[in-house]
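Reader: I'd like to learn how to read a helical model one feature at a time. Can we go through this one together?

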Amino acid sequence: NQIRVLADVDPSVTATAVTDALAEARGEDDFSVIESSALISTASNISGTLTMMTTIIGSVSLVVGAIGIANMMLVAVRERSREIGIRRAVGARRSDITWQFLVESVVLSALGGILGIILGAVLAAVLTSALLGVATVVSQTAVIGALAVAVFVGIAAGLGPAWQAASVDPTVALRYE
């Protein structure tokens, strides 16, 4: 059974009064009275903990992803040093080389971000419907934010390799095999 408390009445006082009245009327204490504010407080604490855990896991994932992208871009610079040397020898500026590798890094991270968004949305939909029986809503703001973070990670991870590629000396790169 539920008891609704008026807005100007303290719920804890009402809970205590109900508990005392029921215990006296029943002659025993084999029941419990739960305040909705306690449930809300518990749910809020759990939600805060889950948010913190998700943030930590997401941050670690971003760092690992950035390291992976930077590693792939460094390998690409090494493997394509002859191409870089030829481009520089025929007149490409350092900024052209930098932009080439920076765009490649951003495209790589944006594709990873898009795949992650799709996988996350599908996984959330399956889990929430299977475990909770509710529909999942993926906000447009979250999708745009995730893509923005992916692009930022691509830029951050690609800057070093792009600058390294741009600083390749054309004469050294043309001799490199």
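Author: Sure, and let's start with a single residue: alanine 38 is found in helix α2. Keep in mind that this is a predicted model.

Reader: Is alanine 38 buried, exposed or partly exposed, and which number tells me that?

Author: Look at relative accessibility: between the 20% and 50% cut-offs a residue is called partly exposed. Alanine 38 has 39% relative accessibility, so it counts as partly exposed. To place alanine 38 along the fold, take a C-alpha distance as well: serine 95 is 57 residues further along the chain or back from it, and the two C-alpha atoms are 60 Å apart.

Reader: What about methionine 73, in the same kind of reading: buried or exposed?

Author: Methionine 73 also sits in α2, and its relative accessibility is 2%, so it counts as buried. Leaving out residues up to four places away in sequence, methionine 73 touches Phe101, Glu104, Ser105 and Pro161. Its C-alpha lies 26 Å from that of isoleucine 56, with the two positions 17 residues apart along the chain.

Reader: Now helix pairs. What describes how two helices pack?

Author: Two packed helices are described by the angle between their axes and the distance between those axes. Here, α2 (residues 36-79) and α5 (residues 140-166) have axes that come within 9 Å and cross at roughly 30°. The crossing of α2 and α5 is right-handed.

Reader: Which residues of α2 and α5 make the contact?

Author: From α2 there are Leu62, Ala66, Ile69, Ala70, Met73, Leu74 and Val77. From α5 come Val149, Val153, Ala157, Pro161, Gln164 and Ala165. By type, that contact has twelve nonpolar residues, one polar and no charged. Notice that Met73, the buried methionine, is part of this contact.

Reader: And how do α4 and α5 pack?

Author: Their axes are 7 Å apart, at an angle of about 150°, and this crossing is right-handed too. The residues in the contact of α4 with α5 divide into 19 nonpolar, six polar and one charged.

Reader: Can you show me residues on α4 (residues 94-132) that read in opposite ways?

Author: Try threonine 98 and leucine 119. Threonine 98 lies in α4 and is buried, with a relative accessible area of 12%. Setting aside neighbours within four places in sequence, threonine 98 is in contact with Ala162, Trp163 and Ala166. Leucine 119 lies in α4 as well, but at 59% relative accessibility it counts as exposed. The C-alpha atoms of leucine 119 and glutamine 100 are separated by 29 Å, and the two are 19 residues apart along the chain.

Reader: Next, α3 (residues 81-89). Which residues of α3 are buried?

Author: Ser81, Ile84 and Gly85 are. They cover an arc of only 100° around the axis, which puts them on the same side of α3.

Reader: What covers those buried residues of α3?

Author: The cover includes α2, α4, α5 and α6 (170-175). For one of them in detail, take isoleucine 84: not counting residues up to four places away in sequence, it touches Val77, Ile97, Phe101, Ala165 and Val168. Just past the helix, α3 is followed by glycine 91, whose phi is positive, near 115°.

Reader: Which residues touch the most other members of the largest nonpolar core?

Author: That core has 16 residues, and Val77, Ile84, Ile97, Phe101 and Ala165 touch the most other members. At least two residues of this core come from each of α2, α4 and α5, and α2 gives the most, with five residues. Ile84 ties the picture together: it is buried in α3, and its contacts include Val77, Ile97, Phe101 and Ala165.

Note on methods:
Residues numbered from 1 in each chain as written. Predicted model: local features only at pLDDT ≥ 70, side-chain atom pairs only at ≥ 80, totals over all residues. Heavy atoms only, no water. Axes fitted to C-alpha atoms, helices over the stretch in contact; angles between N-to-C directions. Helix = DSSP H or I, 4+ residues; strand = E, 2+ residues; numbered from the N terminus. Left-handed = near helix turned anticlockwise from the far one by under 90°. Contact = heavy atoms within 4.5 Å. Nonpolar A, V, L, I, M, F, W, Y, C, P; charged D, E, K, R; others polar. Buried < 20%, exposed > 50% of the residue type's maximum accessible area, 1.4 Å probe, protein only. Core = buried A, V, L, I, M, F, W, Y, C linked by side-chain atoms within 4.5 Å. Arc of directions from axis to C-beta.
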